[in-house]
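Subject: Structure handover

Dear colleague,

I am passing on the structure below, and I would be glad if you could open it before reading further. After it come my notes on what was found, written so that you can follow along in the viewer.

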Amino acid sequence: MYTWRLFQPSSLHWAWSTAALKHTLGRQQGAFRWTHSGGHSYRAVIFDMGGVLVPSPGTVAAQWEVQNHVPSGTILKALIRDGDSGPWMRFMRGEMTTEGFLEEFGRLYSEIVVESCLEGICKPDPRIFQLCLQRLNLQPSETIFLDDLGPNLKAAASLGIHTIKVANPETAVKELEALLGFPLRVGVPNTRPVRKTMEIPEDALEKYLKGLLGTHYSGPMELLQFDHGQSNPTYYIRLGNRQLVLRKKPPGPLLPSAHAIEREFRVMKALGNAGVPVPTVLDLCEDPSVIGTPFYLMEYCPGIIYKDPSLPGLEPSQRQAIYNAMNQVLCRIHSVDLQAGGLESFGKPGDYIPRQVKTWTKQYRAAETSTIPAMERLIQWLPLHLPRQQRTTVVHGDFRLDNLIFHPEKAEVLAVLDWELSTLGDPFADVAYSCLAHYLPSSFPMLRGFRDQDVTELGIPTAEEYFRKYCLRMDLPPIDNWSFYMAFSFFRVAAILQGVYKRSLTGQASSATAEQSGKLTESMAELAWDFATKEGFRVFKATPSAKPLMGSYHSWAGQSSPRTTSGVRHYSSVAAAAPSHEAKGGLIISPEGLSPRVRKLYDQLLRFMELNVYPAEEELQRHQASADRWRPSPLIEELKEKAKAEGLWNLFLPLETDPEKKYGAGLTNLEYAHLCEVMGMCFYAPEIFNCSAPDTGNMEILLQYGTEEQKARWLVPLLEGRIRSCFAMTEPQVASSDASNIEASIREEDGCYVINGHKWWSSGILDPRCKLCVFMGKTDPQAQRHQQQSMLLVPMDTPGIKVIRPLSVFGLEDPPGGHGEAQFKDVRVPKENILVGPGRGFEIAQGRLGPGRIHHCMRLIGYAERALSLLKTRAMSRTTFGKPLIEHGTIMADIAQSRVDIEQARLLVLKAAHLMDVAGNKAAALEIAMIKMVAPSMACRVIDRAIQAFGGAGLSSNYPLAQFYAWARALRIADGPDEVHQLTVARRELKNRARLQEPAAPRE
Ligand SMILES: Cc1cc2nc3c(=O)[nH]c(=O)nc-3n(C[C@H](O)[C@H](O)[C@H](O)COP(=O)(O)OP(=O)(O)OC[C@H]3O[C@@H](n4cnc5c(N)ncnc54)[C@H](O)[C@@H]3O)c2cc1C
């Protein structure tokens, strides 16, 4: 037996969430204070959040009541019914959470099922009615009981319950409506009274209809407006026994070529004849004098429109069937014979996507109200990544679930609606567009989605499955560039929403939610950009890989090419290379020797630096000196997205660690050395390409030593550039250049590791994006010297971590990551956070310093190249003591010496990288140590000469020289002090018996 209440609380969730927002924010922010200079004495503004900043829950509830024909005030009454002790007041006083409130309210005001078989009592036993009353917590006089059997009704009536005998359901519902005082049967679904700004002259319309259908249609005409039809207002008409739908252009000035309802009429007519389920069209009236704008008429098609694409209330198998039917009908549209249907001239054949990109860019520009960065990026990106159109078919242009009318009892599409955007084009655009809901959250106001739900559990095919199924049905090979189509789809939605928003500002938009669309444009553009990024990755990875050992020998010492930025600075980029020589072997000593794929990447990187990085340098430097410096620079974030979309991302991951190129670009160390040098030319560049320390080293560790779970949790977000990380080894109280000295303890306790220790110089630890600390400590101080240490993955939000202060290098704090001093006190992490196992820390530390060990050296060559380039341009442009600086012998000597220094160091870097590639990191240990010994001091010397040539300016922040110098100098310590590397080189040299041929004893 069912008893029910007048409304379901789930529909009101939003209203309560709003109230909850009001409640929480109200406590913290209800009143603001600020200073001002307007001459008034106001010091604060106090306001209620609900109804001011967010819609009032009362308004939302009232709207819901109107839409659902529930007497106005019902919800409010229910809310305040139990006064101070009721859930509402407890919720408002903060004694209940939103979830708790919704649960209790739901329990009080939702369906209650009383099942005889479970209770052991059955009608007409009056105890079952008593049980219902008890569960509802109501009096008999407050309830109504419906049944078709007299004894049951009698038993209920004996308790004082009002009863209705159901002989005919229709009559019983009428009787119930009379008792309740409001109608239970809603009218035409998805309609409402015509909106004020959308009214049409009813008399003129009625006259026209009677002329069309015959004057015998009498009685008042009923006119309602569909909620649907954001762009072309759509109306329901009942005239006599005819039910029609009218669709018209919106009033007022319109965007060029939009709202072409004549085309809709034409295509629907043709498709209907070709067997595609569409409403039967009756008449097109192009005369604007009848109702103010042209319109057309079609038969009303009763059925179900599923507005929520997650299909609540259906079984998984039903959902699957619905999506299957949707896919099927799309295939049907795309299979229509254009010639037979007379649709050959319905659009231009070919080049659909390029035209669409142009059209929507134009539409967007025409409706633009402010600059949206993601839209700007897309407008640049889309034309450069256009797919080749495989087929030309009718495309719907707005194919989504809520544009389909379904049979009420089976998964069959009765009609496809809204053909406004249809034309001839690339059918994959429709397929992608019909998957929008997969990527939108359920809370998205205008286009509801189910991104936050488990599609497999729901029974809905994933977007990939949906695509595959389509291809299978159409007998097409599956496409791999569908991320492009998704990017394009979301771009188009963003442009449409912007149009709706602009029209809402001028009062022409036909939907009440039009105003919201302005804010949504931005989020759609962001989503589109996510797909553009994915596509960028895919294209990049699909490019054929290099043969690592092919290359050429030649000199690097070409003429440098000074570049000019905003009039003040003259920074040179990489020196132009000499012509290529015959390939002699595996060591590629100049970019000309790189394989075509890597060379292309190299050129792309140079271009990206020229177009995006150098011009941003000044602003990035300003950010680092501003009060906001401990927050990540939005410009860096923007440039990261750009670099990602161009595939200039994670270039550092060596092919040997990531042979399947699953995570990175699959470059060899040698290839990366050339690219890394370019990144070194600007201090800020490595982060833009997700190639900066200490993340690179930590990512290498995770890839080499992490478990699948550790990779999923840390490596993936690091590779995506969503989080950052730090490495905590060095300790203030011990000489940490000898890592065996470190004292931090890692103790096992109750299935956890407990950390205690004091660290400093942990680079990146102050960055708010830093979520992971790779921590080195001792698990067993009694073990052998190199087996005492372990490495743990410590989430930065673990209690007990206290960052004490940022350290500075020559006064430079290097924000937002900084270099921090931190205390770790009783920090507990799960045992599974250990890397490889206890006692393996030293081994991992060695591994960590594998490829990552020479990245700094590669970058230092970049620092030095740029410094030399600056020196030359400066020396050519200034005169002292009667001649240009460049002609002074000491300057000439400095230039010559710098070139030689750079060439020597570069050759050694490339040799080390090459050996790592061909012989392995261990075999390259000597070369690694040598270059670490050489590169920082070489860079210091070259930069120092440049600073000297610049005079005072060289020490200022007007040029990157002082910053370069500070970091080059720091790297003589930070990457292990010079002396430690010298020790390694000396020891190896002494071990190399082959080089000890000369007897040490003096000759007789
Ligand atoms: C900018 C910067 C960033 C850093 N980032 C990190 C980081 O992210 N994580 C981290 O854990 N650490 C980091 N460090 C710390 C760095 O690794 C250490 O400073 C370095 O290993 C030296 O250790 P120490 O400071 O304890 O010096 P000590 O070990 O006390 O050495 C001091 C000096 O002793 C001399 N010396 C040492 N050994 C020998 C020898 N065998 N022969 C002759 N002389 C010797 C050297 O001149 C050396 O400079 C960073 C440091 C800097 C400056």
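A good place to begin is a pair of helices in this predicted model: helix 24 (residues 695-705) and helix 25 (residues 708-719) have axes that come within 10 Å and cross at roughly 145°. The crossing of these two helices, helix 24 and helix 25, is left-handed. On the side of helix 24 the residues that take part are Asp695, Met699, Leu702, Leu703 and Tyr705, and they meet Gln710, Lys711, Trp714, Leu715, Leu718 and Leu719 in helix 25.

Another pair can be described in the same manner. Helix 13 (residues 352-367) packs with helix 18 (residues 482-505) at an angle of about 30°, and their axes are 9 Å apart. Because of that angle, helix 13 is roughly parallel to helix 18. The crossing of helix 13 and helix 18 is left-handed. If you wish to look at the residues themselves, those of helix 13 include Tyr352, Val357, Trp360 and Tyr364, while those they meet in helix 18 include Phe484, Phe488, Arg492 and Lys502.

For the overall picture, the protein chain holds 32 helices and 27 strands. Of the 1004 residues in the chain, 52% are buried. If one takes the contacts between residues at least 6 apart in sequence, 70% of them join residues that are at least 24 apart.

Next comes a sheet. Six strands form an open sheet with antiparallel pairing, and their order across the sheet is 7-8-9-10-12-11. Its edge strands, each pairing on one side only, are strand 7 (191-192) and strand 11 (281-285). Within the sheet, strand 10 (residues 242-248) pairs with strand 12 (residues 295-299) in the antiparallel sense over five bridges, and Arg247 stands opposite Tyr296 in strand 12. Strand 12 also pairs with strand 11, again in the antiparallel sense, over four bridges, and here the bridge partner of Cys285 is Phe295 in strand 12. Is strand 12 mostly covered or mostly uncovered? Strand 12 is mostly covered, with four of its five residues buried.

Two helices lie across strands of this sheet. Helix 10 (residues 202-213) lies across strand 8 (222-226), strand 9 (234-239), strand 10, strand 11 and strand 12, and runs at about 60° to strand 9. Helix 11 (residues 261-273) lies across strand 10, strand 11 and strand 12, and runs at about 155° to strand 11.

The nonpolar cores deserve a careful look. The largest one has 108 residues, and those with the most contacts inside it are Leu651, Tyr672, Phe689, Met791, Ile943 and Leu961. A second core, separate from that one, has 99 residues, among them Phe265, Ala429, Ile460 and Ala525.

Which residues does Tyr672 touch, if those up to four places away in sequence are not counted? Tyr672 touches Leu651, Phe652, Leu667, Met679, Cys691, His855, Met858 and Arg859. Tyr672 is also one of the buried residues of helix 22, as are Asn669, Glu671, His674 and Glu677. Since 11 of the 11 residues of helix 22 (residues 669-679) are buried, that helix is largely enclosed by the rest of the structure.

Finally, I have two single residues for you to find. Glu412 has its place in the loop between strand 14 (404-406) and strand 15 (413-416), and at 34% relative accessibility Glu412 counts as partly exposed. Leaving out residues up to four places away in sequence, Glu412 touches Ile405, Phe406 and His407. Along the chain Glu412 and Ala325 are 87 residues apart, yet their C-alpha atoms are separated by 6.1 Å.

The other residue is Leu983, which lies in helix 32 (residues 978-991). With a relative accessible area of 44%, Leu983 is partly exposed. Leu983 and Ala929 are 54 residues apart in sequence, and from C-alpha to C-alpha they are 9.0 Å apart in space.

With best wishes

Terms used: Residues are numbered from 1 along each chain as its sequence is written. This is a predicted model: local features need pLDDT of at least 70, side-chain atom pairs count only at pLDDT 80 or more; totals for chains, interfaces and linings use all residues. Side-chain values use heavy atoms; hydrogens and water are left out. Two strands pair if DSSP finds at least two bridges between them. Contact means heavy atoms within 4.5 Å. Axes are lines fitted to C-alpha atoms, for helices over the stretch in contact, and angles run from 0 to 180 degrees between N-to-C directions. A nonpolar core is a set of buried Ala, Val, Leu, Ile, Met, Phe, Trp, Tyr and Cys residues joined through side-chain atoms within 4.5 Å. Buried means under 20% relative accessible area, exposed over 50%, partly exposed in between (1.4 Å probe, protein chains only). Angles under 35 degrees count as roughly parallel, over 145 as roughly antiparallel, 65 to 115 as roughly perpendicular and the rest as oblique. A crossing is left-handed if the near helix is turned anticlockwise from the far one by less than a right angle, and right-handed if clockwise.
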